[in-house]
Each structure stands twice: as C-alpha cells, then as structure tokens.
Amino acid sequence: MELGPPGGSGPAEPGPRLRGLRGADAAASASSLSRFGAEAGCRAPAVAAVLPAGGSGERMGVPTPKQFCPILERPLISYTLQALERVSWIKDIIVAVTRENMETMKGIIQRYQHKRISLVEAGVTRHRSIFNGLKALAEDQPNCRLSKPEVVIIHDAVRPFVEEDVLLKVVTAAQEHGASGAIRPLVSTVISPSADSCLDHSLERARYRASEMPQAFLFDVIYDAYQQCSDYDLEFGTECLHLALKYSHIKAKLVEGSPDLWKVTYKRDLYAAESIIKERISQKVCVVMDTKEDEEHVGHCLEEMLKTELNHVKVTSGQDLQQIILEQCYNFVCVNVMTSDFEETQRLLNMLEESNLSILYPVVVISVHFLDYESVPLGQKMEKVMQIREFAKEAKKRNILLSGLLIYFPQLL
C-alpha cells in the first residue's frame, strides 16, 4: 500500500492548508456528526472513505482516464478529493489507482496539497478496486497510520460535487441500518428489449430510482460481503448495496440525493463540470476599501451594484480580510480612493500568496483607482498606475490574475 503525504490530521478546508485557520470551519464540520451521535445516544462513529479511481475512461473517448482529465487546468479527481477533505470527520481517504497511474496520483496529491490521502493499487474491475481499498482499512499493518473505521463511505472519483449534508445523511443512515445509499428519480423510462431488438416490456418509472453515490456502510457489513463475494460479482457487478443485501442480508436505507451527484462520464460532462465550477467560484466577491467604513464610500455603492448580479458580496476595510480569505473567496476588488499607490493592493497580494489559496483556483484581483484630475496631473499619476503591469506579471506566476482600473474624475463639492 502506498501512502499519500504525511499529516493525517489535515484541515477541514479543501486542498491546501490555509495559514492562520482557527478551526471554526473544522469545528462546525466535526460537530455535525457529533451532534447526531449525541441525539442518537451514542458516540460519533469513526469514518473513512474509499474512492475507486482505476477506470480507463473508455466511454469518454479520450486517451486520458477521465478522473485525470483537466478542468480549469486541474485534474477532475482533485475536485472530488477537495469535496471530501472539506469534511473534517472523514478520517482517512483511500484512493485506488492503477499501477501505471500511481506516480501521476502522487503528483496530484503533492501539487494540490491534499491531506489524509492513502493510495492502494486498483483491481481490474470496480469491485476489486473497492475491495483493495477496504483491505487497506481492515489490516493493521506495521508503520501504517490507518485503522479500521466503524463506517466507510464509498464514492466515485468522478463525482466532484458531493456536499457534506449528503455524506452526513448516508453515514448516519448506515450507522442505524447497516447500509445506505443516495438515490435520484429516474429521468428516462427503462425498457427491456427482446432478443430480436423489439420492446419486451417497460418499467413504471415512478416506482424506480437511480442509484447514485455516495454510499455508506458499517465497515464489517461491507467488508464481510466482499470477502464472500463470488468471482462473477467481482468481475461484472457494479452495485455495492446489492452486495450488502446478497451476502450480508442488509437492506440499505435509501436517501434522496441532490441533483449535483451526477457522474462525469462523457466528454460533454467535462464542459458541464467546468461551467458549474466557474459559476460557483464567481458568485462570491470581496470589495477591499482603503478607508474606514463609510456609507458614502464608493465601495458601498459598488457593493449595491454587485449584489444585483452576485450571491455573496462583502465590503471590508481590511481588518477581517484574512478571515474572508480563509472562507475561500476567489474574487477581490481593491478600491483605492485616497491614493494611486498600491499599498492596499500589495498587502492583499501578500496575504493571498501566504494563504496558498491560488493553488486550487485562479484568484482574480481588480485594483481600482479614483483620481481627481484637477489636483493631480494625469501623466504623473499614470506612471505609478502603470506599475500594475509589473505586479501583474509577478502575480500571474502564483495563479493570481491582477488587473487595474483607473477612474479619472473631477472633484465634486
């Protein structure tokens, strides 16, 4: 078994360890599972996750396995790991990858600073890959930090939009019923063709559901099922809930999932996933002002305009900027009313660099300058403002996209 980078007690926030985190997000995430345990009169269970990632991406029709296909220049599997790392009560994340892709996966873990990840070699089928992941959790190997969990989540490496509330629902249901899985309504009617390709019969769509991921199990339930599993099921089976029913006699509790649980399968799905990611990271913006908060400040006017277009807009004079960065805002407008210099913008760039935020996504910074043309010659101030080009060149090396906007206006009395 190959282990990922050290640091099993990684942060609750996804991807890189953002410096200065006080643990508020981690505490909130951990308390959600602890709260369930308290309400149920028991302790919160130890939870791990297994991600089979050994597929070839045959249906996608591209040479690169789909889990490694880039979205915004970042591999798809990195987004899924980010979603699981966000959940602090998931202790270990086991990823099953093929031997030829082991180094690629190690490189992804290192580059995007993923935490709590362990690697195992994938099998030739999905079920065999999952079984290998379960074995890694079941075995008390010397010098291995992994221990057997009470509940294990099984998720797809190519379902990057899973949210904590769905994970919590399947885990709590599995603790009570032994097994649980997310489901969604069927979109299309399922029909059965005859041997001569004619319609034999169709299913009543309202009575059936599509099985989705994530699924969760009491570890002993699913591990025992895999140990008893026939070679035929290991080779041709795809449904973990069915194995729990067939071999451990456990009827899974079915939990309604969200529309975001869809699986990236075809090439067009990559474009859809990219669109969703862009939409999500573009809906939050922070306006940084160089003066103390004032209702007449231009930053507040900008705030009101942005609120008509975006979901989350926050104005700050800089005191709580670090906390805003920790909340993973990727868009900043730095408003300079009092000066054409770049002290405020430079301070923001320094904080962004220290936070490692731009490892996961590009960070956009727009430096806005308001100048009174009656008090300052345009040429004199333009020289300083044009310095933003040099700042932008350096910032781009760190995946920070910096632009400047000069608004030249007459002072109104």
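1. The Arg99–Glu121 pair is a nice place to start: the two side chains are joined by a polar contact of 3.3 Å (a pair of N or O atoms within 3.5 Å; within protein, one must be able to donate a hydrogen and the other to accept it, and residues adjacent in sequence count only if both atoms are side-chain atoms). In sequence Arg99 and Glu121 are 22 residues apart, yet their C-alpha atoms lie 6.0 Å apart in space. Please keep in mind that this is a predicted model, in which local features need pLDDT of at least 70 and side-chain atom pairs count only at pLDDT 80 or more, while totals for chains, interfaces and linings use all residues. Residues are numbered from 1 along each chain as its sequence is written, and side-chain values use heavy atoms, with hydrogens and water left out.

2. Where does Arg99 lie? Arg99 is in the loop between strand 5 (90–97) and helix 3 (102–111); helices (H or I, at least four residues) and strands (E, at least two) are DSSP runs, numbered from the N terminus. Arg99 counts as exposed, at 61% relative accessibility (buried means under 20% relative accessible area, exposed over 50%, partly exposed in between, with a 1.4 Å probe and protein chains only).

3. Strand 6 (residues 117–121) is largely enclosed by the rest of the structure, because 4 of its 5 residues are buried. Strand 5 and strand 6 run parallel and are joined by 5 bridges; two strands pair if DSSP finds at least two bridges between them. For Val95, the bridge partner in strand 6 is Leu119.

4. Helix 2 (residues 76–85) is mostly covered, with 10 of its 10 residues buried. Among them are the polar or charged names you might wish to look at on screen: Ser78, Thr80, Gln82 and Glu85.

5. How many disulfides does the structure hold? The count is 0, a disulfide being a pair of cysteine sulfur atoms within 2.5 Å. For Cys240, the nearest cysteine sulfur is that of Cys229, 9.6 Å away. Cys240 is buried, with a relative accessible area of 0%, and Cys69 is buried too, at 4%.

6. On the surface, Ile366, Leu405 and Ile407 make a nonpolar patch of about 210 Å². Patches are made of residues with over 30% relative accessible area and no salt bridge, with like charges joined within 9 Å and nonpolar side chains (Val, Leu, Ile, Met, Phe, Trp, Tyr) within 5 Å. Ile366 lies in strand 16 (residues 363–372) and is partly exposed, with a relative accessible area of 32%.

Key
Areas by Shrake-Rupley, 256 points an atom, 1.4 Å probe, with all protein chains shown as cover. Salt bridge = Lys/Arg side-chain N within 4 Å of Asp/Glu carboxyl O.
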